[in-house]
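Student: Could you take me on a close look at the nonpolar core of this protein? I would also be glad to hear how the parts around the core fit into the picture.

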Amino acid sequence: ANAVVIEADGQRLAIVSCDLLTPFAPVTERARRLAQERTGIPPDHILVCTTHTHTGPEVRDGTVVPVCEEWRSELPGRIAEAIARAADQMVPATLRAGSTELHGYSFNRLFRLVDGSEQFGRGGRREEILGVAGPIDPQLLTLGAVGEDGRLLALLVNFALHADVIGGISADFIS
């Protein structure tokens with residue numbers, strides 16, 4: 001988990017990115033409560049998101065991949081610890097937002113067929129594919145925290161990209 005805590009006008013919020021396939025409400029809710037106990041940041045001011053890495057551990061129940069209960073039980077504390085560390089290391093900074101569009105990286109994995117139905121992936125009825133079933137979001141958003149000396153302290157990036165294959169790219173690629 002990587003966390004950033006932002007404070008303005010006496011209000012704090014935390015954004016936490018976890019190298020996991022998907023968030024799991026029981027884990028994130030407990031993490032938010034633990035973080036509130038340690039930092040005073042209200043749970044509804046804590047955003048927990050995931051990088052959607054397929055190479056990270058599974059935390060959800062009922063999937064084909066087994067869950068390591070010992071690890072999952074420790075995860076809320078680890079997330080709360082990341083938030084507490086970020087809160088303890090706060091320094092004055094200026095936030096800078098950015099936006100651009102990137103083309104040629106993302107694509108829609110849902111395809112429309114000649115009969116009007118849709119198919120995930122290009123396999124199966126390939127000869128019946130008319131094209132993609134919808135648009136992609138090319139917008140890349142950034143939020144940077146710049147220290148008083150002009151040095152970049154943190155950079156948050158939001159971009160709709162499925163940047164992982166099973167057993168391939170490490171989570172560090174997009175976190």
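Tutor: Happy to; here is a walk from the whole chain to the core, then to the cysteines and out to the surface. Please keep in mind that this is a predicted model.

Let's begin with the frame. The protein chain contains 2 helices and 9 strands, and along the sequence they come in the pattern β-β-α-β-α-β-β-β-β-β-β. Along its principal axes, the C-alpha trace spans about 60 × 40 × 25 Å. Of the 175 residues in the chain, 30% are buried. The accessible surface amounts to about 11,000 Å², and carbon and sulfur atoms hold 53% of that surface. Among the contacts with a separation of 6 or more, 61% join residues 24 or more positions apart.

Now to the part you asked about. The largest nonpolar core is a set of 20 residues, and Val5, Ile46, Ile79 and Ile83 have the most contacts inside it. Four elements, namely β2, α1 (25-39), β3 (46-50) and α2 (69-88), each supply at least two residues of this core. The top contributor is α2, which gives 6 residues. Isoleucine 79 is a good residue to centre your view on: leaving aside neighbours within four places in sequence, it is in contact with Ala1, Val16, Cys18, Val27, Ala31 and Val48.

One of those contacts of isoleucine 79, Cys18, leads us to the cysteines. The structure holds 0 disulfides. Cysteine 18 is in no disulfide, and the nearest cysteine sulfur, that of cysteine 49, is 7.3 Å away. A disulfide needs the two sulfur atoms within 2.5 Å, so this pair does not qualify. Cysteine 18 has a relative accessible area of 3%, so it counts as buried. Cysteine 68 has its closest cysteine sulfur in cysteine 18, but the distance is 16 Å, so the two are too far apart for a bond. Cysteine 68 is also partly exposed, at 46% relative accessibility.

From here we can move outward. In the loop between β1 (2-8) and β2 (11-18) sits aspartate 9. The phi angle of aspartate 9 is near 55°, a positive value in a residue other than glycine. Aspartate 9 is exposed, with 81% relative accessibility. The strand that follows this loop, β2, is one of the elements that supply at least two core residues.

Our last stop is strand β9 (residues 152-159), where valine 157 is placed. Together with Leu152 and Leu155, Val157 makes a nonpolar surface patch of about 290 Å². Valine 157 has a relative accessible area of 52%; because the limit for exposed is over 50%, this residue counts as exposed. Asparagine 158 is found in strand β9 as well. Not counting residues up to four places away in sequence, asparagine 158 touches Gln139, Leu140 and Leu141. Its C-alpha atom is 8.8 Å from that of leucine 143, a residue 15 positions apart from asparagine 158 along the chain.

To pull the picture together: α2 gives the most to the core, isoleucine 79 touches Cys18, and Leu152, Leu155 and Val157 form a nonpolar patch on the surface.

Terms used: Residues are numbered from 1 along each chain as its sequence is written. This is a predicted model: local features need pLDDT of at least 70, side-chain atom pairs count only at pLDDT 80 or more; totals for chains, interfaces and linings use all residues. Side-chain values use heavy atoms; hydrogens and water are left out. Patches are made of residues with over 30% relative accessible area and no salt bridge: like charges are joined within 9 Å, nonpolar side chains (Val, Leu, Ile, Met, Phe, Trp, Tyr) within 5 Å. Accessible areas come from the Shrake-Rupley method with a 1.4 Å probe; for residues, only the protein chains shown count as cover. A salt bridge is a side-chain nitrogen of Lys or Arg within 4 Å of a carboxyl oxygen of Asp or Glu. Buried means under 20% relative accessible area, exposed over 50%, partly exposed in between (1.4 Å probe, protein chains only). Contact means heavy atoms within 4.5 Å. A nonpolar core is a set of buried Ala, Val, Leu, Ile, Met, Phe, Trp, Tyr and Cys residues joined through side-chain atoms within 4.5 Å.
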